[in-house]
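Biologist: Hi, got a few minutes to walk me through this fold? I'd like to start with a sheet and then wander a bit.

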Amino acid sequence: MIPSSPIETDIVLVGGGHAHVEVVRRFGMQPEPGVRLTLVSTPVDTPYSGMLPGYLAGHYRYEDCMIDLRRLCRFAGARLIVDRAAGIDRAARQVLLAGRPPLAYDLLSVDIGSVPETGDIDGAEHAIPLKPVPAFLGRWSAVEELALKRRGAVRIVVVGAGAGGVEATMALHHRIEKGLEQIENKEITKPDSPRFTILSLTPEIMQGHTAGVRRRVLAALRGKGIAVEAGETAVVIESGRVRCASGRAYEHDAAILVTQGGAAPWLRETGFAADDRGFLRVCETLQSVTDERVFAAGDCAAFDSAVLPKSGVYAVRQGPVLADNLRRAARAEPLQPFRPQRRVLALISLGGKRAVASKGVCAGEGDWVWRWKDRIDRRWMARYGADLPDMTAPAAVGGEEAMRCGGCGAKVPQAILNAVLDRLRADPATARALALDDPDDAAALPAPAGGQLFQTVDQFRAFIDDPYLLGRIAANHCMGDIHAMGGAPLSALAAVTLPYAAPQIVERDLEQLLRGVLHSLGDAGAILIGGHTAEGAEMAIGLTVNGAVRAGAPWRKGGASPGDRLILTKSIGTGVLLAAEMARAAKGRDVEAALGRMLINSGPAVGILRQHGATACTDVTGFGLGGHLLEILEASGCSVVLDEAALPLLPGAADLLAAGHASTLHPANRAALTAACDGAAPEILADPQTAGGLLAALPPDSADACIAELREAGYSDAAVIGDMAERSPGPNRIRFIARTRRS
């Protein structure tokens, strides 16, 4: 998205909690001129806590209760950084991230929820925490498989008897029972019932709820045969046993932790004022009591004025106030207080489609409560789904700031460039790939001894709004032509265009972009020797890359022979996924998979392909697999037989193509393929790729060993996709083996 006014303020949201998704939605509905919103979260799908019990019970699909943060951010024009926060540098105003450079902020908000407290339990690693939810879902699948394999004879101990623990227990019990019903329908012998036991630290379950609510829930638990052990404090969790302070032990096949929520450990190290459990102390405006530029919401916030239960209800209600106050803070306007409700409505699922309603001293139970809860939850989720309205364009900012020079007047100021380069030189992680110490106007390149120097250039507009990832992917993409020659990149020149913004924003973006470029260049053993920067309407980057072939002869597209096997090192589908992502039609997790493939450097694949005797090679980029394959066929004088079922596809690519999504270059690529194919070509062959893999021809007796080695080296999608053949007498150069695609 091209901003209509220069960016002046960076608001960074850490965590994809309920309050933050509302902030993103509201900024999408009404963008704030001059403000850039960035959401930091991992994973890309964030669960809605209200529907989690229903999902665990099997009443909802994954998509029903997960908010796709990439789609939401695309709607709002917000950046999404998929990484885990590891700290906050208050002095530098930076969020420290686990897997990438720090991220600068002007205003910061934290909404990361809580994690089960396990400090007093030895061996907690033997249990499965309910949070974070995506990790739990991955581990629970193995327990469910065991339950079905044993025909229900499993023992599951749940540590924690709050509302979350009770709801999760009944939901998981229901899920297993439904799975066992399918066995019962096929066999005469009735399966066993799973044995669930809840360990309650307190004498009563669900502290904070009225006696009437607890009685109803206890009756539901007993009706399902779920045991509740009151006053049992788990002190040691072993593989197969939970030991309690009372001396009793409970055997288990799986132990699930749903203990009281605690603060993320890194929050305690930030230096911000926190309560005795490590949660960030905030005042009534949701600002940190330590730093007015930092906000917090949801479970990770602790109010000085009131002790609030750790409940998603409060996070949901904080969202509108937080969005308004972040907007006001960016404008330097007075902030508004958050007024928590004295009593909130709690709707507690009982496993099946039945629930208990609780508010103050009032309680109700029945199927009607579940239907009521279902309507409320679906209505809330719909606000963040695919039916989001079109974004309202922000008003343009007039005056001198809207007038930008062209030509050399559009260059990034020297002070900004020097400040960024100084930091990159001082950082060992980037200094290894940086050779800009001399002030000369051009760099001298030594000619490779006994070899040739190869040079290539490529550039493109930003297709993601994350400068660091863009830099990494752009470098991988631009080095592809050198790798396709069987060579190694030596040096690069960068041409960078940065969006109009305040000086500090330009400096931040330039540093992130160059850190990404240097990351990929460094991994390939290349250095950055110079470049040019400018301001423009949107971010763009190009690299001129120099390289040499250090061992053996350069590969050419014309070296393939009939009988050679055709190998592709990466899966395809980036073009349609990026196009669909712009239209908010692609699943966020599928886009993440595509970005992950683009981040894979092709350098190691070169050595493996050469070792196994590659005869011809090209990289797969803008012309798509089909277009670049035609270049090999034309240069080698061959035809090819492609195995459609063997083509490695990125998740979601085929479905999106079938639904009519495609890159703007797709039609031209398809037209070039039509005359060369014997029959209708699969649409995926015309899909343009960014930072795609290598397409190589190899002798048939070395292909299988080459694939095995490529996969071991990290190219998990590498595949043999066809065989070179004698040139056909007619125009049809590509024939197909049509088989059903393997799932």
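Biologist: How do β24 and β25 pair, and over how many bridges?

Modeller: This is a predicted model, to begin with. In it, strand β24, residues 355-359, pairs with β25 in the antiparallel sense, over 5 bridges.

Biologist: Which residue in β25 stands opposite A357?

Modeller: That would be G364.

Biologist: And what holds strands together in general?

Modeller: Strands of a sheet pair through backbone hydrogen bonds, in a parallel or an antiparallel way.

Biologist: What is the strand order in the whole sheet?

Modeller: The order is β23-β24-β25, an open sheet of 3 strands with antiparallel pairing. β23 (346-349) and β25 (362-366) are the edge strands, and each of them pairs on one side only. On average, neighbouring strands are turned by 15° against each other, direction ignored.

Biologist: Which helices pack on the sheet?

Modeller: Helix α7, residues 211-223, packs there and touches β23, β24 and β25, with its direction at about 170° to that of β24. Helix α9 packs on the sheet as well, touching β23, β24 and β25, and its direction makes about 100° with that of β25.

Biologist: Tell me about α9. How many residues does it have, and how far does it reach?

Modeller: α9 covers residues 367-382, which is 16 residues. From first C-alpha to last it reaches 23 Å, close to the 22 Å expected at 1.5 Å a residue.

Biologist: Which of its residues are buried?

Modeller: In α9 the buried ones are V369, W370, K373, D374, D377, W380 and M381. They cover an arc of only 135° around the axis, so they lie on the same side of α9.

Biologist: Why would residues spaced like that share a side?

Modeller: An α-helix has 3.6 residues a turn, so residues three or four places apart point the same way.

Biologist: Changing topic: where is the cis peptide bond?

Modeller: The bond from T42 to P43 is cis, with omega near 5°. P43 sits in the loop between β2 (35-40) and β3 (45-47).

Biologist: And which non-glycine residues have a positive phi?

Modeller: R93 has one of about 50°, and L286 has one near 75°. As background, most residues other than glycine have a negative phi.

Biologist: Where are those two, and are they buried or exposed?

Modeller: R93 lies in the loop between β6 (85-89) and β7 (94-97), and R93 is partly exposed, with a relative accessible area of 34%. L286 is in the loop between β20 (280-282) and β21 (294-296), and L286 counts as buried, at 0% relative accessibility.

Key:
Residues are numbered from 1 along each chain as its sequence is written. This is a predicted model: local features need pLDDT of at least 70, side-chain atom pairs count only at pLDDT 80 or more; totals for chains, interfaces and linings use all residues. Side-chain values use heavy atoms; hydrogens and water are left out. Helices (H or I, at least four residues) and strands (E, at least two) are DSSP runs, numbered from the N terminus. The expected span of a helix is 1.5 Å times one less than its number of residues. Buried means under 20% relative accessible area, exposed over 50%, partly exposed in between (1.4 Å probe, protein chains only). The arc is that of the directions from the helix axis to the C-beta atoms. Two strands pair if DSSP finds at least two bridges between them. Axes are lines fitted to C-alpha atoms, for helices over the stretch in contact, and angles run from 0 to 180 degrees between N-to-C directions. Contact means heavy atoms within 4.5 Å.
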